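Q: Could you take a close look at one strand residue for me and then work outwards to what lies around it? I'd like to know where it sits and how the rest of the fold is put together.

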Amino acid sequence: MQDFQRVIDVADVPDPGKTLVEVDGEMIALFHVGEAWYALDDVCTHDGGPLADGELRDYKIACPRHGAKFDIRSGAALTMPAVRPTRAHEVKVDDGGVWVRLRDQPLAQGPSAHATPVSAAAATVAADSPSPVTPETAPTGSPPAPSGPLCEDSVRELLKEVKDPELFVNIVDLGLIYGVTITPAADDATKQHVAVDMTMTSPACPAGPQLISDTKRVVNQRPDVAAVEVRIVMDPPWTPDRMTEAARDQLGIF
Ligand code: FES
């Protein structure tokens with residue numbers, strides 16, 4: 001284990017306050033609240049946002065990029081879109097200075113600790129590369145497609161079957177669906193072409209490929225659908241404001 005390193009004078013950080021320090025070449029967000037000091041990696045586990053630039057309130061730091069909150073005492077991810085903890089480090093005060101010793105692992109475990117990691121390279125979804133139109137068949141055991149006319153509302157109902165694999169909330173309630181366009185299929189007058197405009201919580205969302213695949217699968221359950229196109233839209237960017245009340249309740253966001 002590494003030794004504690006003196007990073008700053010106590011008098012140089014207001015109470016409450018925060019600052020950015022460097023320890024062993026790593027950028028660390030340092031927090032001062034009352035008599036206590038805390039240190040976290042300056043990295044939001046959602047998409048790398050700089051935590052030291054966020055707003056500090058009630059032992060919580062809010063990522064300035066998409067608003068995820070972390071507990072500064074443990075590094076635990078408290079609100080989406082972050083679901084994994086960031087590393088919390090040891091801090092002590094001695095001889096008028098603040099000293100930090102880095103930990104190797106996060107202290108806290110987020111709700112997705114059991115989730116299977118996906119390599120970033122394989123999972124990155126390019127914002128300017130819409131997925132091809134690919135007819136897909138529903139796997140054995142899928143629920144039957146609903147009856148009724150094919151329209152935006154019925155497609156959105158189907159899309160509620162698609163859940164973010166880390167948050168366990170459906171993509172409609174998360175606010176990821178920007179639009180649904182239905183047009184006659186070019187080569188079959190009895191069927192329709194469905195285009196779904198979908199965003200991600202970040203450009204490199206690791207769940208992106210799975211969400212696209214599941215979206216195509218559930219809409220293709222309908223016999224009147226010829227093909228499904230998923231168009232990834234990153235502008236305007238997703239924000240937590242797009243979530244429904246149901247999603248907020250599910251995630252414990254108030
Ligand atoms: S990078 Fe921090 S919430 Fe997205």
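A: Quick bit of vocabulary before we zoom in: a strand here is a DSSP run of E of at least two residues, a helix is a run of H or I of at least four, and both are numbered from the N terminus. Keep in mind, too, that this is a predicted model.

Let's pick Asp-41, which belongs to strand β4, residues 36-41. With 20 or more other C-beta atoms within 10 Å, a residue counts as buried. Asp-41 has 22 of them, so it is buried. Who's around it? Skipping the neighbours within four places in sequence, Asp-41 makes contact with Ile-28, Thr-86 and Arg-87. Ile-28 is 13 residues away along the chain, yet its C-alpha atom is 4.8 Å from that of Asp-41.

Now zoom out to the sheet. β4 is one of six strands in an open sheet with antiparallel pairing, ordered β1-β9-β8-β4-β3-β2. The edges are taken by β1 (5-9) and β2 (17-23); each has a single partner strand, so one side of each has no neighbour in the sheet. On average, neighbouring strands of this sheet are turned by 30° against each other, direction ignored. At the β2 end, β2 pairs with β3 (residues 26-33) in the antiparallel sense over seven bridges, and Lys-18 sits opposite Phe-31 in β3.

Elsewhere in the chain, there's a parallel pair: β11 (residues 192-198) and β12, joined over seven bridges. Val-196 has Val-230 in β12 as its bridge partner. To get from β11 to β12 the chain goes through helix α3 (residues 208-219), and this β-α-β crossover is right-handed. β12 itself (residues 225-232) is largely enclosed by the rest of the structure, because six of its eight residues are buried.

Helix α2 (residues 152-159) is worth a look as well: Val-155, Leu-158 and Leu-159 are buried there. They span an arc of only 100° around the axis, which means they're on the same side of α2. That's the usual helix arithmetic: with 3.6 residues a turn, residues three or four places apart in an α-helix point the same way. The cover over the buried residues of α2 includes β10 (177-184), β11 and α3.

For the whole protein, the tally is four helices and 12 strands. Of its 254 residues, 37% count as buried. Finally, among contacts between residues at least 6 apart in sequence, 56% join residues at least 24 apart.

Note on methods
Residues numbered from 1 in each chain as written. Predicted model: local features only at pLDDT ≥ 70, side-chain atom pairs only at ≥ 80, totals over all residues. Buried ≥ 20, exposed ≤ 12 C-beta atoms within 10 Å, placed from the backbone. Contact = placed C-beta atoms within 7 Å. Pairing = 2+ DSSP bridges. Right-handed = clockwise from strand over helix to strand, strands pointing away. Arc of directions from axis to C-beta. Axes fitted to C-alpha atoms, helices over the stretch in contact; angles between N-to-C directions.
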